[in-house]
Amino acid sequence: MDAIEVLLVDDEPDYAETMAFWLKAKGYRVTTAADGHEALAKLSERLPRIVFLDIMMPGMDGIETLRRIRRSHGALPVIMVTAYASDERMGEAEQLGAVGFFQKAADFSVAARLIDRALHDLKQRKAAS
Amino acid sequence: MNSERDLYRGLLRDEALMANLIQSLIDVLVVVDRDAVVQFINRAGEDLLGHPSSELVGQPVGAIVTDENLQFFRAIRELMTTGESRHCDLELVTRSGEKIPATFNGSVLRGPGNRIEAVVGVIRDVREIRRLVRELEDAKVGLENTVQKRTRELAAAKTRAEQAYEELKTAQAQLIHAEKMSSLGQLAAGVAHEINTPIGFVGANLRTLREYVWDLLQLAAGYEGLLGAVERSDFEAARGEAERGRALAQRLNARALLEDLAHVATESEGGLNRVRRIVQDLKAFSRSEEQEQTSVDINEGVESTLAIARNELKYKAEVIKELGPVPAILGYPQQLNQVILNLLVNAAHAFDERTKTSVEGDGSPSKGTIWIRTFLRGEAVVLEVEDTGCGIAPEHMAKIFDPFFTTKPVGKGTGLGLSISYGIVRKHSGTIEVESHVGQGTRFRVVLPVQAPAADETEKPGEEPERRAA
């Protein structure tokens with residue numbers, strides 16, 4: 001079975017690297033991007049199965065990046081990453097079709113479950129359409 | 001860039017780099033690169049995990065570490081960022097799915113440009129240590145349970161002992177009271193006589209008084225007649241009444257009668273006072289244990305005890321009182337009276353014994369002497385009761401303070417008198433000594449400190465009453 005490709009978008013290299021290491025240790029293939037522009041550039045090169053997108057980033061933030069991803073890549077599953085348990089921008093992200101929220105303080109195992117669920121839902125939606 | 005990393009990976013994989021040493025380690029040694037891929041694992045790791053090295057190298061490290069071990073990934077993250085070695089617990093997963101608790105000691109491997117390229121982990125199987133810790137904990141719990149159980153048993157035993165002690169104390173108090181009643185019982189005949197004597201003469205006096213009253217009524221009737229005759233101015237009749245009256249007064253010895261009347265009344269009053277005194281003494285004596293220590297005048301105690309025992313003693317011995325001036329001591333007066341009574345009764349009984357064996361020439365029993373003395377010696381009040389009775393046999397000397405030891409016939413003594421007296425004297429921090437010569441007499445000496453400490457009920461077993469026999 002091919003490794004699932006994950007794009008990790010986070011301006012905090014420390015956090016991004018740890019999460020990338022964990023995802024790799026669990027057998028995912030991981031690429032990272034440090035901001036929205038880099039993320040969009042990577043997406044145009046190669047399409048991952050799922051994206052982890054930090055909401056709060058300098059310059060182009062997560063919401064704006066998500067809006068642009070929707071424009072260019074349609075239904076690509078995106079999980080929003082936030083530092084807080086609740087974020088007023090979650091509603092906006094949800095309207096833009098974010099498939100889940102991952103809190104930075106949570107265990108990585110939660111991220112693994114979010115990925116599984118997102119891909120499962122995607123498969124069902126495809127089957128339904 | 002990529003080719004440089006590949007080159008380094010090659011170096012890591014090169015068997016030549018791996019010393020024999022690493023392969024023969026007991027601990028697992030694993031090298032994981034920045035992409036979380038296992039680059040090397042030693043023989044101990046192969047053995048523990050059940051995979052050959054070839055199956056593990058190139059695999060993500062998550063394949064041999066369980067999902068729950070996020071602290072392992074946090075340690076790796078810190079290692080990667082700080083380069084400082086890290087220690088943590090983790091759980092390994094073997095090929096067969098068994099989970100093995102282990103500890104992880106990680107450090108970093110640096111590549112060209114001092115860049116952190118990989119993590120070197122030494123992993124130790126801690127199942128045996130965990131097992132030992134569990135055993136220790138079980139042993140500790142077992143020990144704690146045992147200690148708790150023993151503590152409960154001890155507490156129960158203590159409660160039982162305290163109960164037994166309370167029961168003993170009650171029994172002892174009952175015994176002391178019973179002995180006192182027994183002593184009084186022995187005196188009952190004497191006391192009865194003591195009461196009977198005044199009652200007898202008061203009764204006789206009352207009969208005399210009734211005769212006197214009869215005589216006086218006759219005289220009064222004569223005076224009535226005389227007064228009537230005078231009022232009627234019948235001087236003839238008055239003269240006759242006066243003569244009859246005078247003759248009657250002469251016959252009745254009216255003058256002596258009036259004198260005796262006052263005497264008889266005074267004597268009867270005295271007799272009743274004697275009875276009242278005896279009853280008071282008896283009442284005071286038979287009262288149960290007083291609770292509070294009070295000031296005790298030993299001489300007063302001797303007097304009131306003698307009042308009760310007088311009759312028991314007076315036919316057997318002459319009692320000579322030599323009561324010196326002594327200060328009051330702190331103690332229990334009823335109990336000290338019980339001691340005095342007991343010593344006096346014992347002294348009296350010493351003559352019962354002697355009368356059986358030694359009789360005066362004329363056949364009448366010899367009358368002995370009892371001295372009762374009090375005096376001050378240093379800081380102590382001394383009470384002595386000495387008799388000229390039969391004495392105590394040397395072989396009995398060691399037992400006289402033992403409970404229930406008696407040489408008296410059944411019904412005469414409880415065998416508790418001296419034992420209880422000893423207890424009472426100890427309670428007053430005093431001592432009791434005895435000196436006796438068979439056939440000559442016995443002297444008991446009670447020494448009571450004036451400044452007696454607050455009632456010390458615990459008897460010191462080592463301290464024996466002093467006995468001297470000749």
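Biologist: Which residues is Arg34(B) in contact with, leaving aside its neighbours within four places in sequence?
Modeller: In this predicted model, Arg34(B) is in contact with Glu17(A), Phe21(A) and Lys24(A) from chain A, and with Met80(B), Arg115(B), Ile116(B) and Glu117(B) from chain B, once the neighbours within four places in sequence are set aside.

Biologist: And where does Arg34(B) sit, and is it buried or exposed?
Modeller: Its place is in the loop between strand S1 (28-33) and strand S2 (38-41) of chain B, and with a relative accessibility of 15% Arg34(B) counts as buried, because the cut-off for buried is under 20%.

Biologist: What does the side chain of Arg34(B) reach at 2.8 Å?
Modeller: The side chain of Arg34(B) reaches the backbone oxygen of Ile116(B) at that distance of 2.8 Å, and Ile116(B) is also one of the residues listed among the contacts of Arg34(B).

Biologist: Phe21(A) caught my eye there; which cluster do ring pairs link it into?
Modeller: Ring pairs link Phe21(A) into a cluster with Trp22(A), Phe72(B), Phe73(B) and Phe104(B), and over all chains the structure holds six aromatic pairs. Among them is the pair of Phe72(B) and Phe104(B), which is edge-to-face, with 4.9 Å from centre to centre and 90 degrees between the planes.

Biologist: Which parts does that pair tie together?
Modeller: Phe72(B) lies in helix H5 (residues 70-82) of chain B, while Phe104(B) lies in strand S4 (residues 99-110) of chain B, so the pair ties together parts that are 32 residues apart in sequence. Phe72(B) is buried, with a relative accessible area of 3%, and Phe104(B) counts as buried too, at 2% relative accessibility.

Biologist: Switching to the cores, how many residues has the largest nonpolar one, and which have the most contacts inside it?
Modeller: The largest nonpolar core has 53 residues, and those with the most contacts inside it are Phe52(A) and Phe102(A). Apart from that core lies another one, of 48 residues, which includes Ile308(B), Ala317(B), Leu341(B) and Val446(B).

Biologist: What does Phe52(A) touch?
Modeller: Not counting residues up to four places away in sequence, Phe52(A) touches Val6(A), Leu7(A), Leu8(A), Val9(A), Met19(A), Ile79(A), Val81(A), Phe102(A), Ala111(A) and Ile115(A).

Biologist: How do the elements of chain A run from the N terminus on?
Modeller: They run β-α-β-α-β-α-β-α-β-α, which comes to five helices and five strands. Chain A has 129 residues, of which 48% are buried, and among its contacts between residues at least 6 apart in sequence, 62% join residues at least 24 apart.

Biologist: Back to Ile308(B); what happens to helix H9 of chain B at that residue?
Modeller: Helix H9 (residues 298-314) of chain B bends by about 55 degrees at Ile308(B). As for its surroundings, 13 of the 17 residues of H9(B) are buried, so the helix is largely enclosed by the rest of the structure.

Biologist: Which residue caps the N-terminal end of H9(B)?
Modeller: That residue is Asp297(B), with a side-chain oxygen that lies 3.0 Å from the backbone nitrogen of Asn299(B).

Biologist: Which residues other than glycine have a positive phi?
Modeller: Asn114(B) is one of them, with phi near 65 degrees, and Ser233(B) is another, at about 60 degrees. Asn114(B) is found in the loop between S4 and strand S5 (116-125) of chain B, where it is exposed, with a relative accessible area of 51%. Ser233(B) is found in the loop between helix H6 (127-232) and helix H7 (235-252) of chain B, and it is partly exposed, with a relative accessible area of 45%.

Biologist: Since H6 came up, what is Phe201(B) in contact with?
Modeller: Phe201(B), which lies in helix H6 of chain B, is in contact with Glu267(B), Gly271(B) and Arg274(B), leaving aside its neighbours within four places in sequence. Phe201(B) and Ser268(B) are 67 residues apart in sequence, yet 7.4 Å apart in space from C-alpha to C-alpha, and Phe201(B) counts as partly exposed at 24% relative accessibility.

Biologist: Last one, how many disulfides are there over all chains?
Modeller: A search of the whole structure finds zero disulfides. As for individual cysteines, Cys88(B) is buried, with a relative accessible area of 5%, whereas Cys390(B) is partly exposed, at 22%.

Terms used. Residues are numbered from 1 along each chain as its sequence is written. Chains are lettered from A and ligands numbered from 1 in the order in which they are written. This is a predicted model: local features need pLDDT of at least 70, side-chain atom pairs count only at pLDDT 80 or more; totals for chains, interfaces and linings use all residues. Side-chain values use heavy atoms; hydrogens and water are left out. A nonpolar core is a set of buried Ala, Val, Leu, Ile, Met, Phe, Trp, Tyr and Cys residues joined through side-chain atoms within 4.5 Å. Buried means under 20% relative accessible area, exposed over 50%, partly exposed in between (1.4 Å probe, protein chains only). Contact means heavy atoms within 4.5 Å. A disulfide is a pair of cysteine sulfur atoms within 2.5 Å. The bend at a residue is the angle between axes fitted to the seven residues ending there and the seven starting there. Helices (H or I, at least four residues) and strands (E, at least two) are DSSP runs, numbered from the N terminus. A polar contact is a pair of N or O atoms within 3.5 Å; within protein, one must be able to donate a hydrogen and the other to accept it, and residues adjacent in sequence count only if both atoms are side-chain atoms. Rings of Phe, Tyr and Trp (its six-membered ring) pair if their centres lie within 6.5 Å; planes under 30 degrees apart count as stacked, over 60 as edge-to-face and the rest as tilted.
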